[in-house]
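The following exercises concern salt bridges and helix packing. Each task is followed by a solution in steps.

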Amino acid sequence: MNRIQFNSRARASAFSVIGSAAAVALVLAGCSPSEDSIASSSSESSTVTPDSTATAASADADVVTLAAAFMATLDSEQLEALSQDYTFANASNWSNFPNDLLANGPGANSGSGRIGLQTDSLTDEQWTALENLLAAVTGSSENEGFDEIIQHLEADNYLADNGGGDAYGEGQFFIAFLGEPSDTGTWELQFGGHHLALSNTYTDGVLAGATPSFRGIEPFTTVEVDGDTVVAEQQEQEAFAALLASLSADQLSAATLSSSFNDLLLGPGEDWAFPETSEGLKGSDLTDEQKDLLLAAINTYVDDVDDASAAAILAEYESELDDTYIAFSGTTNMTEIGDYIRIDGPSVWIEFSQQGGIVLDGAHPHAVWRDKTNDYGGLTS
Amino acid sequence: MRRRILAGAAIALIGAATFVVAAPAEAHVVPSTTIELDVHESYVTATLTLPETDLATASGIDLTSAGLSDSDEAAITEYLEEHFAVTSDAGDWTVSIADIGSTETEQWGSTPFEAVTAEATITPPTGVSPRAFTLDYDAIIHQVVTADVFAILHSDWETGELESSRSLGTITVDTVTGEIPPLTVSLDSGSAWQGFIGMVTLGVSHIAEGTDHQLFLLTLLLPAPLLAISRRWTGVAPTRRAVRGIAAITIAFTIGHSVTLALGALGLPVPQAPVEALIAVSIIIAAAHAIRPIFPGREPLIAGLFGLVHGMAFSTTLSSLSLSGVQLGLSLLGFNLGIEIMQLAVVALVLPPLLVLARTRVYRPLRITAAAVTTVAAVGWLIDRVGLANPVGAWADSLGEMSPFIAAGLWVAAVVTLFRRRHHAAAAPLASMATRNEAAVSPGS
């Protein structure tokens, strides 16, 4: 049943080389869709030139090219499922739930579930084309980005085989193009399923937003699936634990939230609802070493995006580090049920929450990365 | 989206109380608080279900040991009263908490979890209608800020909305401000007539969905067109006599269940588990009688006696609505009327084809098969109701869905029989007469 292949990793890093200049473009553009259009207006041609903006455009044009290559493998019915309208309703229609629960559950969403093309219909050739596309839009670091997504699919296969049943597995994920992949205008690449939501918005060929990004995983403990080691989200937990471990008693006390958390505050559906007051320990009260640990923790999410874009986004978050708050609840290990940590900056919003097991025993984490200006590429309604 | 899913989950949970809802064991929903409201003439009652872990976290009450001690219950009562206020323009309403209990429950999409339950009685100032108020409730969510509270309308007699599970709204932390906005509840006004019609409808649906009640009556009626001679069903009773017998059985059953329905609704305690088990026994006895006569001629007496048992079960539906005064009187009348209407509809639907088929060869195998299937179903229920869930019981629960097809099958068979009889009569009157005579004698065993 395992159709996942790993042949795309090399390709992913190849893109990252080309894309290094895209970072410059993104910084120049301030990651905002309106300004991006300015940045790319000089680069309608996809020819690679020494000019940095043009190179950036060509790197992103590869996303469009790979999107077209994926579409070329699909039959008309699959294409119809894949192609969706670019609307806020569609963009915000992501979830951490297994699709079975979304589609067949009671309530307002009953009978619909995720939009897009379900992966259970994909042939090997189509899977490969999809992986090529996903590799181009995700990071190349070990256990992050593309590697992490593959591990998520494997984790869901593990759940399917260990008590979860048919509602789980790599066939229960969905790929959707909201709007037409193009170097002009805005479209979103949406890929998600149980515990996973990727939403990349592209405006005029440039990544205008890489959030909301949801990562959760069960099993959280290391498992082997089809010869692959699944450790996704352990780096995240370790980075948070290292950050908290570095804090002094006074800093810890400032970072401690009085509230308790059994879930994320801004999970699916909780869009543009950032708290007006930031809580916790302020970044300006951190030592340089502690700031490095904070940035490293942030990077475990930002690094999921293609390397060039990730560098640009991380640079932005780094520049805002002094005004970025750390707040937590529960134990500092971030391994127990009820453990919760939040990174709340002028732009960045990351939450990590340990919850009770569902298919398996023991804690498992949910996490969301949002951006206070660039969620959905800035689309608010 | 999460909230919508959870609201659905909470509603499905309420639904599961009345019907068997298959929930997947795998899922991903964090347990939530539900507040189910029953709106009465002058007050509101609320059934609270709170996830135990969250309650312990939020209240600081240690709930780790099994069961609840008296001091636990007192502490929970005090905690809930601190976090549960109801107001309207008329001022503060009284909220009194009682009946603290613990249970293991499941919401759609959650794994089973320990929950604490409580009953709250919410009374407006004298003379104020209980139909519009502000629910200022923040138990658990003042501390566990990611948790949700779902307010659900369970029953509203005046509008005839009974055994409902309509969402009235969600109480949750506003993530932007960190505040918990109270929930405004404003119910449409109704009338005594709407309430009465609601009860008639409830009575109809109670029988329509109560496969066990239907099965008892139908099984008892199965041999009614036949004559019992020396402990065997032999021969066909004259139609007039059969109809009289059927009427007597139906009326006796009605009288029996009306008596206990009234007594139960008026406060006679009903031991629910034994009553449910006895209903299964009543079906087994009726089925045995349909195979071989056990109490020939005394069917009305048996129907009346077991009617008393079935009535007790009916009464739990009424008493769960905690009605009083005029509403209780109208409810008794309306609910019973609904039961009668549906019962007569079932009898009217099934008996004509049975009376036709009773005069054919197929009636004996039909009667015995039906009685045997009924016996198996009732045994499944009986085992289920003494506490052992089993596949036969689950299958028996699904029989209700097949009843329209069974009724349709009987009508088709009866029409075919009548057509063939007429056809034979026209084509070969003498032969047909012979067949009919033979058929008239042969159904016995």
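**Exercise 1.** Determine which residue forms a salt bridge with A:Asp322, and where the two partners lie.

*Solution.* In this predicted model, the partner of A:Asp322 is A:Lys291, with the closest N and O atoms 2.7 Å apart. The next step is to place both residues: A:Asp322 belongs to the loop between helix H13 (307-319) and strand S11 (325-329) of chain A, whereas A:Lys291 belongs to helix H12 (residues 288-302) of chain A, so the pair ties together parts that are 31 residues apart in sequence. Finally, consider accessibility. A:Asp322 has a relative accessible area of 36% and is therefore partly exposed. A:Lys291 has 19%, and because buried means under 20%, A:Lys291 counts as buried.

**Exercise 2.** Describe the salt bridge between A:Glu148 and A:Arg215, and state whether each partner is buried or exposed.

*Solution.* The closest N and O atoms of A:Glu148 and A:Arg215 are 2.8 Å apart. A:Glu148 is part of helix H9 (residues 145-164) of chain A and A:Arg215 is part of strand S7 (residues 213-216) of chain A, so the salt bridge ties together parts that are 67 residues apart in sequence. A:Glu148 is buried, at a relative accessible area of 0%. A:Arg215 is buried as well, at 2%. These two residues also belong to a network of salt bridges that includes A:Asp304.

**Exercise 3.** Locate the partners of the salt bridge between B:Asp156 and B:Arg131.

*Solution.* The closest N and O atoms of this pair are 2.7 Å apart. B:Asp156 lies in strand S8 (residues 149-156) of chain B, and B:Arg131 lies in the loop between strand S6 (113-123) and strand S7 (132-137) of chain B; the pair links distant parts of the chain, 25 residues apart. Both B:Asp156 and B:Arg131 are buried. Over all chains, the whole structure holds 13 salt bridges.

**Exercise 4.** Characterise how helices H5 and H6 of chain B cross, and which residues meet there.

*Solution.* Begin with the axes: those of H5 (residues 211-221) and H6 (residues 239-265) of chain B come within 10 Å and cross at roughly 150°. Angles over 145 degrees count as roughly antiparallel, so H5(B) is roughly antiparallel to H6(B). The crossing of H5(B) and H6(B) is right-handed. Next, identify the contact: B:Phe216, B:Leu217, B:Leu220 and B:Leu221 of H5(B) meet B:Ile246, B:Ile249, B:Thr250 and B:Phe253 of H6(B). Sorted by character, the residues of this contact comprise 7 nonpolar, 1 polar and no charged.

Key:
Residues numbered from 1 in each chain as written. Chains lettered and ligands numbered in written order. Predicted model: local features only at pLDDT ≥ 70, side-chain atom pairs only at ≥ 80, totals over all residues. Heavy atoms only, no water. Axes fitted to C-alpha atoms, helices over the stretch in contact; angles between N-to-C directions. Helix = DSSP H or I, 4+ residues; strand = E, 2+ residues; numbered from the N terminus. Parallel < 35°, antiparallel > 145°, perpendicular 65-115°, else oblique. Left-handed = near helix turned anticlockwise from the far one by under 90°. Contact = heavy atoms within 4.5 Å. Nonpolar A, V, L, I, M, F, W, Y, C, P; charged D, E, K, R; others polar. Salt bridge = Lys/Arg side-chain N within 4 Å of Asp/Glu carboxyl O. Buried < 20%, exposed > 50% of the residue type's maximum accessible area, 1.4 Å probe, protein only.
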